[in-house]
Amino acid sequence: MAENTRKLGLIVNPVAGLGGRVGLKGSDGLHVQRKALALGAVPHAGDRAIDALDRLGRVADLEIVTWSGAMGEDAARARGFSPRVAGSSKSSESTADDTRAAAVEMRERGVDLLLFAGGDGTARDICEAVGEELPALGIPAGVKIHSAVYATNPLNAGELAALFLQGRVSALRSAEVMDIDEDAVRRGQISAHLHGYLKVPVRSALVQSLKAASGPGEEAAMAAIATAVTDSMEPDTLYLIGPGTTTRAILSRMGLDKTLIGVDAVENSRLLANDMNENQILASIEGRKAGRAKIVVTPVGGQGCIFGRGNQQFSPDVLSRVGRENVIVVSTQDKLNSLAGNSLWVDTGSRKADEMLSGHLRVITGYKEEAICRVAS
Amino acid sequence: MAQRDITRERYTDGKPNLRRYHQAKWDEPVIFELSVPGQRGILVPEVEPDLRAEVGDVLADIPSGMRRQAPPALPELSQVAVVRHYMRLSQENLGADLNVDIGQGTCTMKHNPKVNDQLAASPKLSDLHPSQDDATVQGILEIMYRFEQILKEISGLDRFSLQPGAGSAAIYANVSIIRAYHKARGEADQRDEIITTIFSHPSNAACAKTAGYKVITLYPDADGYPDFEALEAAVSERTAAILITNPEDTGIFNPRIADFVDLVHEAGGLCSYDQANANGILGITRAREANFDLCHFNLHKTFSTPHACGGPAVGATGVRNELAKYLPVPVVERDGDHFHLDYDRPDSVGKVGSFHGVPANVVRAYAWAMSMGADGLREVAEIAVLNNNYLLAKMLEIPGLSAPYAEGKRRIEQVRYSWEKLAEETGVHSEELGIRAADFGLHYWTSHHPFVVPEPCTLEPTESYSKADLDEYVAVLAHVVDEARNDPDKVKTAPHNCTVHTIEHAPFDDPGQWAVTWRAYRRKVGGEEQEGT
């Protein structure tokens with residue numbers, strides 16, 4: 001094998017997206033998939049993967065490692081590749097177990113990038129199997145895409161994968177894997193939870209003009225935000241730190257460990273509790289004077305939501321006790337800019353709490369840098 | 001022999017054919033690599049013995065601590081080698097005198113009349129020394145004084161300094177004046193916040209930050225205009241000032257600018273008008289009428305002096321009478337027919353540049369403004385706006401393009417477009433369109449980083465370019481977009497007619513790899529040991 005061969009892992013979840021066009025709000029679980037097929041749903045995740053692979057033809061010495069049949073082999077062959085088939089699904093109907101087994105095998109085989117087609121459920125399976133151990137990128141093919149690990153369309157997924165394999169894009173960031181409870185949605189409730197992170201490639205500008213000096217990167221931006229928050233921390237005040245990589249940087253700066261997908265509490269530079277639920281949070285703020293408990297949150301999931309997605313521990317009850325003036329919102333400027341003119345928003349499940357939080361809020365975007373952002377409910 | 005219509009041979013279906021451009025490539029080494037020990041461009045004659053005897057050892061007058069121990073490591077070349085070197089480099093460039101330079105929006109790339117360069121190069125100016133006595137430089141002082149009067153009329157403000165070395169230096173001077181004002185009122189510690197908008201020039205945020213202020217950035221409202229409610233949420237007793245560009249870099253004029261100014265004044269802050277985008281409003285609106293306290297102009301934009309690869313330039317800083325005592329020193333004062341430099345200004349923020357700035361650019365700008373006249377300056381703005389809205393209409397005919405924010409409204413002098421739809425449809429990104437446009441001899445720029453408008457492209461046609469120029473630019477972009485749809489690899493593998501191909505981006509973000517001097521290059525690339533200090 002040539003020394004500079006690039007290895008791409010490819011996993012297609014063939015049943016992703018099945019439930020969408022037949023109105024089933026998702027495709028998690030065999031019974032829903034069977035129901036969707038019975039309603040006339042046509043699998044299209046394979047086609048989405050074929051569209052993405054269109055961009056990979058120009059990568060020299062590319063080896064595709066994939067799973068048999070509809071889980072990737074078919075798509076690769078349809079695009080003229082001769083993939084290395086590393087395994088096959090256990091039954092004729094592929095399941096979440098197959099996705100997880102394939103992801104682990106790809107990691108063992110040392111692929112440079114894991115490209116997968118699916119939805120939030122697929123991202124969750126891959127996250128559970130390999131986490132942030134290897135670079136991964138999603139081709140959007142599912143009904144639910146709340147996770148920030150997906151490109152905006154198959155073409156762009158293929159393009160970014162090609163640039164990454166060619167070495168023209170090398171930066172990686174931790175992107176949220178979100179999923180909603182499909183049964184709850186079918187009952188009319190939306191409840192998106194943060195399950196973890198995958199390391200996805202980030203495309204910055206390919207070339208740059210002299211006038212367009214780029215910033216020092218996301219990590220430095222988060223470190224600057226962390227310094228701004230820790231510098232302004234007041235004594236004898238409880239800081240409830242919400243989930244996210246931007247908020248994690250705050251605890252890192254304090255030398256403390258953060259629950260990436262949970263709420264942690266610090267006071268006087270000490271960690272009081274990890275991964276708190278609503279009741280533990282309520283207990284921790286019980287009896288404190290106004291202003292002696294603060295919440296630090298960052299928009300989760302790449303869509304600008306600050307309360308109600310991935311941080312439901314901050315319940316309407318918690319929010320009304322802490323008060324709007326004690327909510328500290330932090331976000332990198334890149335994240336705000338990616339909202340492309342849309343406001344931040346909240347969906348706490350309580351109209352009263354939503355109204356309390358809406359309007360204009362200060363967002364810490366760096367050291368001595370803040371933005372005024374609209375919050376919609 | 002049958003007659004040929006030779007005037008139509010460059011056209012197809014009534015439209016001009018795209019240019020068959022190819023950039024030159026000379027593989028020219030760095031000038032230090034061309035150095036030949038002992039080679040000289042000019043042989044300076046030996047000093048005559050009589051003269052030497054009379055003057056003695058001139059170097060003996062220089063304190064030994066200030067004398068070099070070894071001569072500077074300058075390249076040694078013949079005159080012809082130097083001329084050839086720089087001519088070759090100039091051919092590898094795509095400068096303002098070569099292309100339809102409307103693709104560097106926000107920079108106001110207008111034509112720099114050559115006669116003004118001749119004036120600036122005249123020995124009457126170039127032989128002057130900044131340390132000369134005022135009495136011997138009355139001419140340039142008079143020009144600086146007169147140009148200040150022109151800027152006062154254009155802005156409505158009361159005094160100007162021409163010392164700052166460019167727009168950002170002028171903004172920094174303004175921030176320094178703002179700080180001095182609050183300090184004099186005993187509020188310097190309390191007022192530690194400066195407000196700006198995301199589509200103001202980034203120099204506003206940068207200068208405020210450099211001066212130690214906390215920067216509060218406003219995002220546009222739902223209609224794409226600067227958000228007044230956001231400003232209401234931002235102002236407080238901590239507000240030192242607002243620094244704001246209008247029209248913003250989207251080409252949108254803030255219709256509530258006077259309300260913005262009033263609100264900041266009510267909170268006790270000052271208002272500074274970044275006039276970097278003044279080219280579309282000359283003679284139409286003024287800083288005074290919107291009640292601003294300070295402003296600045298970039299002479300290399302609105303007033304046609306060359307951009308000169310980032311300097312030396314002039315950023316003219318203007319203030320109301322109440323703030324005049326804080327202006328940088330010196331200022332030019334008139335006393336009857338005599339002009340002098342006034343350094344005796346105890347409240348001044350000090351110097352923001354050396355001596356009195358870059359007089360050569362003041363001469364160019366003065367000559368340009370005088371050649372235009374008051375009516376001509378207004379006509380500049382009117383044509384710039386007309387050109388921009390013509391270009392906007394033609395550009396929006398290209399499928400896949402939009403002009404986000406305040407959609408459907410006209411713009412002032414520039415537009416920040418978005419190719420988001422095209423990128424979604426084809427996977428071809430804005431920078432890639434620009435690289436392909438270079439294959440037709442055109443420069444194209446995206447936007448400042450970070451990108452707020454997705455897949456941005458910023459065009460500013462100014463008044464300098466003809467309808468035919470604008471049509472050529474649009475025709476090239478339309479062609480490139482057509483390629484993005486039908487032959488995307490051709491765009492993605494561009495440039496094909498330029499000699500420098502895709503540049504690796506990562507090293508730009510890594511100071512460890514930067515080699516901005518020959519010495520650093522030898523050390524970082526050649527592995528030479530660092531010389532002792």
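Trainee: Where does B:Pro495 lie in chain B?

Mentor: B:Pro495 is in the loop between α14 (488–492) and α15 (518–524) of chain B. Keep in mind that this is a predicted model.

Trainee: OK, and what kind of peptide bond joins B:Ala494 and B:Pro495?

Mentor: A cis one, with omega at about 5°. There's also a cis peptide bond between B:Val329 and B:Pro330, where omega is about -5°.

Trainee: Which loop is the place of B:Pro330?

Mentor: The loop between β9 (315–319) and β10 (331–335) of chain B.

Trainee: While we're on backbone stuff, what is the phi of B:Thr108?

Mentor: Positive, about 50°, even though B:Thr108 is not a glycine. You'll find B:Thr108 in the loop between α2 (79–91) and α3 (114–121) of chain B.

Trainee: Switching to helices. At what angle do α12(B) and α13(B) pack?

Mentor: About 120°, with the axes 10 Å apart; α12 covers residues 430–438 of chain B. The two helices are therefore oblique to each other, and their crossing is right-handed.

Trainee: Which residues make that contact?

Mentor: B:Leu433, B:Arg436 and B:Ala437 come from α12(B), and α13(B) brings B:Val476, B:Leu477, B:Val480, B:Glu483 and B:Ala484. By class, that's six nonpolar and two charged residues, with no polar ones.

Trainee: And how do the axes of α10 and α13 of chain B cross?

Mentor: At roughly 30°, coming within 10 Å; α10 is residues 359–395 and α13 is residues 467–486. That angle makes α10(B) roughly parallel to α13(B), because anything under 35 degrees counts as such. This crossing is right-handed.

Trainee: Which residues of α10(B) and α13(B) meet there?

Mentor: On the α10(B) side, B:Asn387, B:Tyr390, B:Leu391, B:Lys394 and B:Met395; on the α13(B) side, B:Lys467, B:Leu470, B:Asp471, B:Val474 and B:Leu477. They split into six nonpolar, one polar and three charged.

Trainee: Now chain A. What domains does the assignment give?

Mentor: Domain 1 is 6–201 and domain 2 is 218–376. Their C-alpha centres lie 31 Å apart.

Trainee: How many residues are in contact between domain 1 and domain 2 of chain A?

Mentor: 16 from domain 1, touching 16 from domain 2. The area buried between the two domains is about 1200 Å², and carbon and sulfur atoms give 54% of that.

Trainee: Which three residues supply more than any other three on the domain 1 side?

Mentor: A:Glu176, A:Leu194 and A:Tyr197, which supply 38% of the area that domain 1 of chain A buries against domain 2.

Key:
Residues numbered from 1 in each chain as written. Chains lettered and ligands numbered in written order. Predicted model: local features only at pLDDT ≥ 70, side-chain atom pairs only at ≥ 80, totals over all residues. Heavy atoms only, no water. Axes fitted to C-alpha atoms, helices over the stretch in contact; angles between N-to-C directions. Helix = DSSP H or I, 4+ residues; strand = E, 2+ residues; numbered from the N terminus. Parallel < 35°, antiparallel > 145°, perpendicular 65-115°, else oblique. Left-handed = near helix turned anticlockwise from the far one by under 90°. Contact = heavy atoms within 4.5 Å. Nonpolar A, V, L, I, M, F, W, Y, C, P; charged D, E, K, R; others polar. Domains from an automatic or database assignment. Buried area = accessible area lost by both parts, 1.4 Å probe.
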